[in-house]
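Dear colleague,

I am handing over the structure we spoke about, and below it you will find my notes on what came out of it. Please read them with the structure open beside you.

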Amino acid sequence: MKFEVRNRKKKAFLGLGTLNFRPKFSFLKSIKQWLIVPAVALLVIALRMAGVLQLVEWAAFDQMMSLRPLEPFDERIVIVTIDEPDIQKIGQWPIPDTILAELIEKLKQKQPVAIGLDIYRDLPVPPGYEQLLEIYRTTPNLIGIEKVVSDANGSSIAPPSLLKEQNQVSAADLVWDGDGKIRRALLTIQPPEGEMVFNIGLKLALMYLQQTHGITPEMTANSEVKLGFGVFTRFTANDGGYVRADENGYQVLLNYRGSLENFQTVSVSDILADRVSPDLIRDRIVLIGTTAQSLNDLFFTPYSSSLFGISDRTPGVIIHANIASKILSAALDNRPLFKVWSEKIEWFWILLWSAVGMTIGLSYRPIQGIARIILAGISLTVICYQAFLRGWWIPIIPPLLGLFGSGTAITGYIAHQERQERQTLMNLFGRHLTPKIADEIWRSRDEVLTQGQLLGQKMTATILFADIQDFSAIAESMEPDLLMFWLNEYMNTMADTVLSHDGIIDKFIGDAIMAGFGVPLPRTQESEIAEDAILAVSCAVAMAEKLRLLNQKWRQNEQPTVSMRIGIATGVVVTGSLGSSQRMDYTTLGDTVNVAARLESYDKSFGQGLCRILISDNTYQYIKDLFSTSLVGHVQLKGRQKSVDVYQVLDIKG
């Protein structure tokens, strides 16, 4: 019976790069790869602690603040604004004492809980100073302001002296971040000399809570301030995205309600003209402040940033209204106050997302991995945003860096490892493999390849030796260049034949070829070993046919024609890489190799013809039903003590 073998298109070993799968990793390799997770996490944490990420973390905070759903008005607060039309109508700035006194008196008549005068008034502005002093004396719920701390934004500013004597003064000091924005509220200030001063927003809120709900501040066991439902945790230097920030005074992260549009406002002109209903003012906090652009009492806040640039600045009176609203909402409405994780939890958060990036990088091919890492980044952003809506400021930029950093690092590491392993295998095998075998080796490389070498393995394989008969005489009769051209044509044809039968070229030895079937990956099933033996004999028969065609061509070209001898043996062999660090070759060793070589060189006078194929008894047992054979005899091969049965394959066209 003729055994047919599918002829596969030969490709270079470099084609392994197109395989569509992710590699399996050995334990040691996995350990090395997972070291990327703490390495990336530590790098991100180091960058964060150095302050490199502070600006982008602030920017992320601002974006989440701006993207929050709009909150309703805080009806407990009314802002009396002094804008450009008001100044034009009054005719001067600062506004005269007589007009300010009239404004406060009209507000007082409408019975607010507290009036906050967010205007520096340390000097008289005639006319009407005595009238204003009288208003100060008769309005116990009026709170003036002072600038307590001298800083880069200006020197300290004294409060109205009479209000100071009556303990009706608060601080208007604000805390700027490094990018010039206000994200924190300075609730209390303790001057080096003097008593503690409350922020105007806090002072007004405390007055409201005490008068309307009987709520007064309490200290918790953790030295935190409790007001109603709200517990105000003191800001520390490394909270949230901050790194070594100024933590002097009692600061808290400012959970803004919104900008000017989120508060009930009336103009000073409307108050002076009695166009405002008393019901709008009664039992509320009233803040008086400027919103005119020309007065420059404007500050950058999280709302000043957008995806499309910088928007308008926020008047100082609105920031103080937000502070008051924050305190009232937390105490009465249980509105969330911003909370942050401890540094250790934040580090674990970064480590966790670094591990997520690593896991994705290990689990998918690069393009799929990038898409999934992006999805993971979106998921992280959504998680952080949802937490933000509930009052938690948890890191988003550092874990994103850990996610993308570890994903990128493992992808690069794997690519580097694969390039090295591919180069190692290419150096060992060259191009003498079929794509099928190359694919199998590549898939199993972690099982057979270590430290740039193929591990020595014992396996059952079939070895083929082929040699040109009387080559020495031919070599003597041809010019060197013609000889090499002629011999290469022969070698290429025979090598292609081996490859097309799923064999590998082990080596070329002068004009001889050594090929293996069933290597380099072990064949454990008896059916697989039989298939290798059948492929080897089929290859030998095909080589004989190829030689017949070559002889025809050479005869026409007046070139030498030849015959060949082939020896085939099946049995146990040892395979692996052999050589030095400068040159390493893959080879097959063992008694089976020696038997095949001795069969090829056995009694060169026997079996004259185009191609003599001798096989061992082991090979014969696998192919006897597929090929015509004859028993040569029970012979003793050179170099062996025991005799073996030798068979000749007869399926050769003359």
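Residues 24 or more positions apart account for 75% of the contacts in the protein with a separation of 6 or more. Please keep in mind throughout that this is a predicted model. The protein has 21 helices and 26 strands, and buried residues make up 51% of its 654 residues. Its accessible surface comes to about 30,800 Å², and 55% of that area belongs to carbon and sulfur atoms.

Two elements are described in more detail here. The first is helix H6, which spans residues 129-138 and has Leu132, Leu133, Ile135 and Tyr136 as its buried residues. Seen down the axis of H6, these buried residues fall within an arc of 155°, so they line one face of the helix. This fits the general pattern that an α-helix has 3.6 residues a turn, so residues three or four places apart point the same way. The cover over the buried residues of H6 includes helix H5 (97-109) and helix H7 (161-165), together with strands E2 (114-117) and E3 (142-146).

The other element is strand E5, residues 184-189, which is mostly covered, with six of its six residues buried. E5 runs antiparallel to strand E10 (residues 250-253), to which it is joined by four bridges, and within this pairing Tyr250 of E10 is the bridge partner of Thr188. E5 also pairs in the antiparallel sense with strand E6 (residues 197-198), over two bridges, where Ile189 has Val197 of E6 as its bridge partner.

With best regards

Conventions. Residues are numbered from 1 along each chain as its sequence is written. This is a predicted model: local features need pLDDT of at least 70, side-chain atom pairs count only at pLDDT 80 or more; totals for chains, interfaces and linings use all residues. Side-chain values use heavy atoms; hydrogens and water are left out. Buried means under 20% relative accessible area, exposed over 50%, partly exposed in between (1.4 Å probe, protein chains only). Contact means heavy atoms within 4.5 Å. Accessible areas come from the Shrake-Rupley method with a 1.4 Å probe; for residues, only the protein chains shown count as cover. The arc is that of the directions from the helix axis to the C-beta atoms. Two strands pair if DSSP finds at least two bridges between them.
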